Amino acid sequence: MGELKLCCLGVSHKTAPVSVREQFSFKGEELESALLKLNALPSVEESMVLSTCNRVEIYFTTRSETSFKEVIDFLIDEKGADLDQINSHFYRKVDRDAVRHGFYVASSLDSMVVGEPQIVGQFKDAFSLAKELGTIGTVLCRFCETALKVSKRVRTETGISKNAVSISFAAVELAKKIFGELHGKRVAIIGAGEMAELAAKHLMTNGASEVFVVNRTFERAQKLAQEFGGKAFPLTELETVLKMADIVISSTGAPGYVLTPENVLPALNTRKHRPMFLIDIAVPRDIDPALNDYEGLYVYDIDDLQQVVDANIKERLREAEVAKEIIEGYVERFMKWLRELEVAPLIAELKEKAESIRKEVLSKRLPKLGLTPEQEQEVDNITRIIINKLLHQPITSVKKKAVEEETRNQVVQIFREIFGLGKE
Amino acid sequence: MSPEVFIYSTAVLYGISTLHYLLYLIFRKEKLATVGLYSARFGFLTNLLAVIFLIVKDGSVSLFTPKGAFLLFAISVVTVYLYFSTKHKLSLSGAFLMPWATLFAFISSLVSGAPKEVFPVGIVGMVHIVSAFLGYSAFIFASLLSILYLIFENHLKKKKFSVFFQKLPSLTLIESVIYNSVALGFFFITLSMFAGAVWSEKVFGTYWSWHPKQVATLISWFVYAGIIHLYLYGEWRGKRFCYLNILGLFVIVLNFLGVNLLSSKDVHSFKG
């Protein structure tokens, strides 16, 4: 029997296209039965499966020399894949690398969109399923708990999931930069496009109070307005709507500018210095870019929004670096714990052995001395103290040495031999 | 313990805070801002201890020496900063404000702590000097935020995705913090003028004597009364309000330089 190893066999959006990922994904009952079968493999001690649309990962602990072989065979059987496919798409990580990878995944550092929050829930689900089916024990349980703790710290202490990384959310973020709270703000949608609808929806969920829809075909406007509980207007009423709106989202198919200084400036003048946010997601553009030069008008077109998104992604990657520093500390501590766990039975055995020797000697020799009960108690205490003091140094040393990668196996072996402990 | 130890620690802690805030401007890592904030908080504590030990050692009159005055100035600037920035997540403003605090603490460690004339201070005197420094600090903070506002507004318009664009919450919020800060400053300056007049009557027998400092403060008071009035009733909002506050800063700096630093006759002079 070798030493205990924590392994991760997985495939993700970084190593395989969706066609491969979907082939290996486990859903619902399939996941349960796969987990149970996996756990029944002779070499696997504990196991859990994380299966999302971007990744399928099997975390397990084993003492086998050929750690991955059985699990790979299992995948081949279960999914009817061939070895080449697994070799070319799956990554294999052991111990420190596996732990670090798991922590990165749970903290959303390995996600397609870094910092997206969904993965935390998915990780929790995988954890609780494995717990429910009893496929994980001390090691993976602690691994998952630590991973979730790390992920929480990363989310609160770094800005990894702070800024918007989609165009429609970027519009919301910008609106907040201009207006602060969106409560009581009124949104006008001109023309009807999917993106405009989405942005308006996000604005509403973030507190905007009312939506006006302006469209060339009035029926279409009415239909969309109904969706938001807003009001519909024909295109001829554009100027009236502009006077009421704080945020305008334009996405008509018109060939020329729909919003120009002629119709926007009168609206601006009635607003008493309150700013107006104009979002242009039409191509060709709807809003005259010259409007951006007027005080209190902020015009963003689709490229500008995309740039906001790009800048935010860069920002998240910057924060990811900070997160990695935090995670490294936890990886270190986890590995230390894991190594100490390995020598724990050894230490317990040593203590037991010492205690049995002590008891044996005392029971033979003590009655011959004819001591009073108090004196016998004292002798008993003294022998205990001697043993504790004697064993203290070897125990701390072996714990310390068990953590060091290179010398670990030798030290444990020598420790066993010197003290004559159980032969494994 | 000697107050000097605390003055030095204050200058060092404010320096560390400044450095981290400036690095935050460059590297944009939240961790740097956190270090900046905590050093500022610890610096605030040592600053407070320095003031207390100074009073214990030489009595309240030691606040009217250049050393005491700069120490008070540093702590009031930081007080105003910590109050507003913790409330509204404006850590970016630290990069603009903490250099001032550092400078004041540093000057305090250099200049003399010997009082020129000894006169009774009492509660009225304390109120006068503390509220004066708090008031000026609030004005300074407001004008620095105004600069921040103008940069932020400009970057929002020009689509420049700078650190200001990324890290500042919103134009509306900054504007309201500026206004709150100005209003707070105005309250304290008014309080300080009243306390000063009462105190002057006690010591010199007259409420108002057209001292250069009194005149300069009266001018500042009218300037800020005007700024507040324009904001509330004249709709001088947004950028225009910010320009007014920067103008206000000039008036204060002139007031401070002209009276406290250059003239040596006045009781307000910092010249030792």
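The questions below deal with the contacts and salt bridges of this predicted model.

Residues are numbered from 1 along each chain as written, and chains are lettered from A in the order in which they are written. Local features need pLDDT of at least 70 and side-chain atom pairs pLDDT 80 or more, while totals for chains, interfaces and linings use all residues; side-chain values use heavy atoms, without hydrogens and water.

Q: How many residues does each chain give to the contact of chain B and chain A?
A: Contact means heavy atoms within 4.5 Å. On that rule both chains take part. The contact takes 32 residues from chain A and 22 residues from chain B.

Q: Which three residues supply the most of the area that chain B buries against chain A?
A: Buried area is the accessible area (1.4 Å probe) that two parts lose on being put together, summed over both. Chain B and chain A bury about 2,300 Å², with 47% of it on carbon and sulfur atoms. On the chain B side, 27% of the area comes from three residues, more than from any other three: B:Lys157, B:Lys159 and B:Gln166.

Q: How many salt bridges cross the interface of chain B and chain A?
A: A salt bridge is a side-chain nitrogen of Lys or Arg within 4 Å of a carboxyl oxygen of Asp or Glu. B:Lys31 and A:Glu325 meet in a salt bridge, at 3.1 Å from N to O. Across the interface of chain B and chain A, the rule finds six.

Q: Which element gives the most residues to the side of chain B that touches chain A?
A: Helices (H or I, at least four residues) and strands (E, at least two) are DSSP runs, numbered from the N terminus. The elements that give two or more residues to this side are α2 (30-58), α5 (122-158), α6 (163-167), α7 (171-204) and α9 (238-262) of chain B. With four residues, the one that gives the most is α5(B).

Q: How many charged residues are on the side of chain B that touches chain A?
A: Ala, Val, Leu, Ile, Met, Phe, Trp, Tyr, Cys and Pro count as nonpolar, Asp, Glu, Lys and Arg as charged, and the others, Gly among them, as polar. This side of chain B has eight nonpolar and three polar residues. Its charged residues number 11.

Q: What area is buried between domain 1 of chain B and domain 2 of chain B?
A: The domain bounds come from an automatic or database domain assignment, which gives domain 1 (1-110) and domain 2 (120-272). Their centres, taken over C-alpha atoms, are 19 Å apart. In the contact, 28 residues of domain 1 of chain B meet 35 residues of domain 2 of chain B. Carbon and sulfur atoms give 86% of the buried area, which is about 2,900 Å².

Q: What is the N to O distance in the salt bridge of B:Glu30 and B:Lys167?
A: The count between domain 1 of chain B and domain 2 of chain B is one salt bridge. B:Glu30 and B:Lys167 are also in a network of salt bridges that includes A:Lys162 and B:Arg28. The side chains of B:Glu30 and B:Lys167 meet at 2.7 Å.

Q: How far apart in sequence are the parts tied together by A:Arg55 and A:Asp110?
A: A:Arg55 forms a salt bridge with A:Asp110, with the closest N and O atoms 2.9 Å apart. A:Arg55 lies in strand β3 of chain A and A:Asp110 in the loop between α5 (96-106) and α6 (118-133) of chain A, so the pair ties together parts separated in sequence by 55 residues.

Q: Is A:Arg55 buried or exposed?
A: Buried means under 20% relative accessible area, exposed over 50%, partly exposed in between (1.4 Å probe, protein chains only). Its partner A:Asp110 falls in the same class as A:Arg55. That class is buried.

Q: What separates A:Glu355 and A:Lys359 along helix α13 of chain A?
A: The side chains of A:Glu355 and A:Lys359 meet in a salt bridge at 3.8 Å, N to O. A:Glu355 is partly exposed, with a relative accessible area of 26%. The two are four residues apart in helix α13 (residues 302-369) of chain A, so the separation is about one helical turn.

Q: Which residues does B:Gly113 touch, not counting residues up to four places away in sequence?
A: B:Gly113 lies in the loop between α4 and α5 of chain B. At 25% relative accessibility, B:Gly113 counts as partly exposed. The residues touched by B:Gly113 are B:Thr65 and B:Lys67.
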